[in-house]
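Welcome! Take a moment to look over the chain, and then let us walk through its interior together.

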Amino acid sequence: MRMLPPGQIMRRALGRHFKPVGDIYRRVFVNLNAIADFLDRELPNGAKVLDIGGGDGALVDRLLDRRPDLMVTMCDLAPSIGAFLSNANRAKVELLPATDLSSVQGSYDVVTISDVIHHVPVDGRDAFFKSLADSCERWACRKIILKDIEPGGIRATLSLLADRHITGDKHVVLFSRSDFTAMARRHFPTAKRASALPDRPNYCELLSW
């Protein structure tokens with residue numbers, strides 16, 4: 001029988017107590033409040049937001065606490081998502097578990113992608129961004145905000161090791177800002193780009209067109 005990674009064992013053992021423990025654990029690697037503050041400033045009033053790979057919804061939950069005007073849809077390949085959304089915020093979010101971005105229908109003003117790309121196999125990243133570009137055209141979306149981790153330094157290394165040995169993703173490889181630049185030029189050649197570092201080594205990249 002396949003051994004579960006330590007993170008999943010802890011989630012099952014702690015049950016409803018996992019969220020506060022998870023928040024403390026995550027704070028070692030990223031200040032989600034700083035990321036949510038950044039998104040708050042960048043999202044237009046009443047925006048329809050598609051959050052790709054939203055996972056447990058911890059970032060979306062903080063964002064909706066600040067911006068109840070937003071309409072958010074979360075899609076993720078995982079079969080269960082949104083566990084960290086508060087009851088009040090859960091009612092505002094459309095959850096699409098076990099759903100690839102290419103299958104999402106509708107129109108969206110902004111796409112957000114947080115800590116997803118470093119989990120995509122390196123040889124699959126070009127296909128991911130091609131699918132994203134094709135889907136943005138279908139969604140009539142004109143803005144992407146991506147958050148990821150710049151390699152190098154103790155905090156980035158700890159994050160990488162945690163993903164490999166606690167989360168259980170043995171093939172994770174961090175996605176640098178220069179990697180993003182190459183993908184943006186290839187798949188969004190007319191887009192304007194802006195960069196920010198709200199919580200080093202956690203960075204945000206914006207594309208708009």
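## A look inside the fold

In this predicted model, the largest nonpolar core has 29 residues, and those with the most contacts inside it are Ile 52, Val 111, Ile 113, Phe 128, Phe 129, Leu 132 and Trp 139. Six elements can be picked out as giving two or more residues to this core: strand 1 (48-52), strand 4 (110-114), helix 6 (125-139), strand 5 (143-149), helix 8 (177-187) and strand 7 (202-208). Helix 6 supplies the largest share, six residues. Apart from this core lies another one, of 26 residues, with Leu 39, Leu 59, Leu 70 and Ile 81 among them. As a general background, nonpolar side chains in soluble globular proteins tend to be buried together.

One residue of the largest core deserves a visit of its own. Which residues does Phe 129 touch, leaving aside those up to four places away in sequence? They are Ile 117, Leu 146, Phe 175, Phe 180, Met 183, His 187 and Phe 188.

## Strand 4 and its partners

Now turn to strand 4, which is mostly covered, with five of its five residues buried. Both of its faces are covered: Val 110, Thr 112 and Ser 114 lie on one side, Val 111 and Ile 113 on the other, and all are buried.

Strand 4 pairs with two other strands, as the table shows.

| Strand pair | Bridges | Direction | Residues standing opposite |
|---|---|---|---|
| Strand 1 and strand 4 | four bridges | parallel | Leu 50 and Val 111 |
| Strand 4 and strand 5 | four bridges | parallel | Val 111 and Ile 144 |

Val 111 thus appears in both rows: it stands opposite Leu 50 of strand 1 and opposite Ile 144 in strand 5. Val 111 is also among the residues with the most contacts inside the largest core. How is the link between strand 4 and strand 5 arranged, right-handed or left-handed, when helix 6 is included? Strand 4, helix 6 and strand 5 make a right-handed β-α-β unit.

## The chain as a whole

Stepping back, the secondary structure of the chain comes to eight helices and seven strands. Of its 209 residues, 47% count as buried. Among contacts in the chain with a separation of 6 or more, residues 24 or more positions apart account for 66%. On the outside, the chain exposes about 10600 Å², and carbon and sulfur atoms supply 56% of that area.

Methods:
Residues are numbered from 1 along each chain as its sequence is written. This is a predicted model: local features need pLDDT of at least 70, side-chain atom pairs count only at pLDDT 80 or more; totals for chains, interfaces and linings use all residues. Side-chain values use heavy atoms; hydrogens and water are left out. A nonpolar core is a set of buried Ala, Val, Leu, Ile, Met, Phe, Trp, Tyr and Cys residues joined through side-chain atoms within 4.5 Å. Buried means under 20% relative accessible area, exposed over 50%, partly exposed in between (1.4 Å probe, protein chains only). Contact means heavy atoms within 4.5 Å. Two strands pair if DSSP finds at least two bridges between them. A crossover is right-handed if, with the strands pointing away from the viewer, the path from the first strand over the helix to the second runs clockwise. Accessible areas come from the Shrake-Rupley method with a 1.4 Å probe; for residues, only the protein chains shown count as cover.
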